[in-house]
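User: I would like a close look at one part of this chain, set in the context of the rest. Please keep the account plain and connected.

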Amino acid sequence: MQTEITQQVTSKTRADRNNYFAGFAEHVHVRRNMPTRMGSFEFNFVRSGTDNGVLIQVYHDGLRIMLERIPSTFYMGELQASEVQIGGRDYLLLAANSRTSTQRMWFGIFRHDGSKLYAASLEQSVVRVNQNEDGISLFFLSGDSMRIKI
């Protein structure tokens with residue numbers, strides 16, 4: 001996997017902060033205390049003991065494939081998830097917004113078996129997420145973009 005960041009001078013209009021994956025065929029909003037299904041996946045939040053963070057549980061065909069910790073800064077009671085196909089392989093995208101006014105985002109890319117390819121706290125405010133032939137592109141409010149090649 002490879003990432004590259006591009007700085008652009010143009011400004012972009014901020015998209016709906018609660019709809020990063022609207023352009024993807026498969027996407028869902030997962031809310032606190034509401035297990036949510038997307039195809040053969042089920043998503044659920046579990047509180048993480050000592051640091052007030054949250055654990056995201058993901059089940060595929062009834063088997064838990066993932067238990068991913070998200071820092072408490074990004075736990076607003078909602079997670080966004082999408083399923084995409086890149087290079088003939090299926091991937092799961094997860095995003096969570098920051099609770100602070102900085103509008104940072106936690107973003108992760110996972111294989112269908114739950115193994116993590118990429119997960120990071122992003123320092124900039126994300127405008128939109130696009131799927132590419134070989135990966136994912138993130139576009140930031142500042143005009144910068146980041147491409148993650150898989």
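Which side chain does Arg37 meet in a salt bridge, and what is the N to O distance?

Analyst: The model is predicted. In it, the side chain of Arg37 meets that of Glu42 in a salt bridge, at 3.2 Å from N to O. Glu42 has a relative accessibility of 24%, so it counts as partly exposed.

The surroundings of this pair come next. Strand 3 covers residues 36-38, and strand 4 covers residues 41-47. The two strands run antiparallel and are joined by three bridges. One residue pairing can be named: Thr36 has Phe43 of strand 4 as its bridge partner. Strands of a sheet pair through backbone hydrogen bonds, either parallel or antiparallel.

Strands 3 and 4 belong to an open sheet of four strands, ordered 3-4-5-6, with antiparallel pairing. Strand 3 stands at one edge and strand 6 (63-70) at the other; each has a single partner strand, so one side of each lacks a neighbour in the sheet. From one strand to the next, the twist averages 25 degrees.

The Arg37 and Glu42 contact can be set beside the other charged pairs. A search of the whole structure finds three salt bridges. Side chains of opposite charge can pair when their charged atoms come close. Another of these pairs starts from the other edge strand of the sheet: Glu68 forms a salt bridge with Lys116, and their closest N and O atoms are 3.2 Å apart. Glu68 lies in strand 6 and Lys116 in strand 10 (residues 116-122), so this pair ties together parts that are 48 residues apart in sequence. The relative accessible area of Glu68 is 11%, which is under the 20% cut-off, so Glu68 is buried. Lys116, at 46% relative accessibility, counts as partly exposed.

A further salt bridge links Arg147 with Asp134, where the closest N and O atoms are 2.5 Å apart. Arg147 lies in strand 13 (residues 145-149), while Asp134 sits in the loop between strand 11 (126-131) and strand 12 (135-140), so the pair ties together parts that are 13 residues apart in sequence. Arg147 is partly exposed at 28% relative accessibility, and Asp134 is partly exposed with a relative accessible area of 28%.

The strands around this last pair can be followed one by one. Strand 11 and strand 12 form a hairpin, joined through three residues. They run antiparallel, with five bridges between them, and Gln131 has Ile136 of strand 12 as its bridge partner. Strand 12 then forms a hairpin with strand 13, with four residues between the two strands. In that turn, Gly143 has a positive phi of about 100 degrees. Strands 12 and 13 are also antiparallel and joined by five bridges; Leu138 stands opposite Met146 of strand 13. Strand 12 is mostly covered, six of its six residues being buried.

Strand 10, which holds Lys116, also takes part in an aromatic contact. A search of the whole structure finds four aromatic pairs. In one of them, the ring centres of Phe107 and Tyr118 are 6.5 Å apart and the planes are at 55 degrees, so the pair is tilted. Phe107 lies in strand 9 (residues 105-111) and Tyr118 in strand 10, so this contact ties together parts that are eleven residues apart in sequence. Phe107 counts as buried at 0% relative accessibility, and Tyr118 is buried too, with a relative accessible area of 15%.

The chain as a whole gives the setting for these details. It has zero helices and 13 strands, so along the sequence the pattern is β-β-β-β-β-β-β-β-β-β-β-β-β, each run counted from the N terminus. Of its 150 residues, 47% count as buried. Among contacts with a separation of 6 or more, 44% are between residues 24 or more positions apart. The chain exposes about 7600 Å², and carbon and sulfur atoms supply 44% of that area.

To return to the request: Arg37 and Glu42 meet in a salt bridge, strand 3 and strand 4 are joined by three bridges, and strand 3 stands at an edge of the open sheet.

Terms used:
Residues numbered from 1 in each chain as written. Predicted model: local features only at pLDDT ≥ 70, side-chain atom pairs only at ≥ 80, totals over all residues. Heavy atoms only, no water. Buried < 20%, exposed > 50% of the residue type's maximum accessible area, 1.4 Å probe, protein only. Contact = heavy atoms within 4.5 Å. Areas by Shrake-Rupley, 256 points an atom, 1.4 Å probe, with all protein chains shown as cover. Pairing = 2+ DSSP bridges. Axes fitted to C-alpha atoms, helices over the stretch in contact; angles between N-to-C directions. Salt bridge = Lys/Arg side-chain N within 4 Å of Asp/Glu carboxyl O. Phe/Tyr/Trp six-rings, centres within 6.5 Å; stacked < 30°, edge-to-face > 60°.
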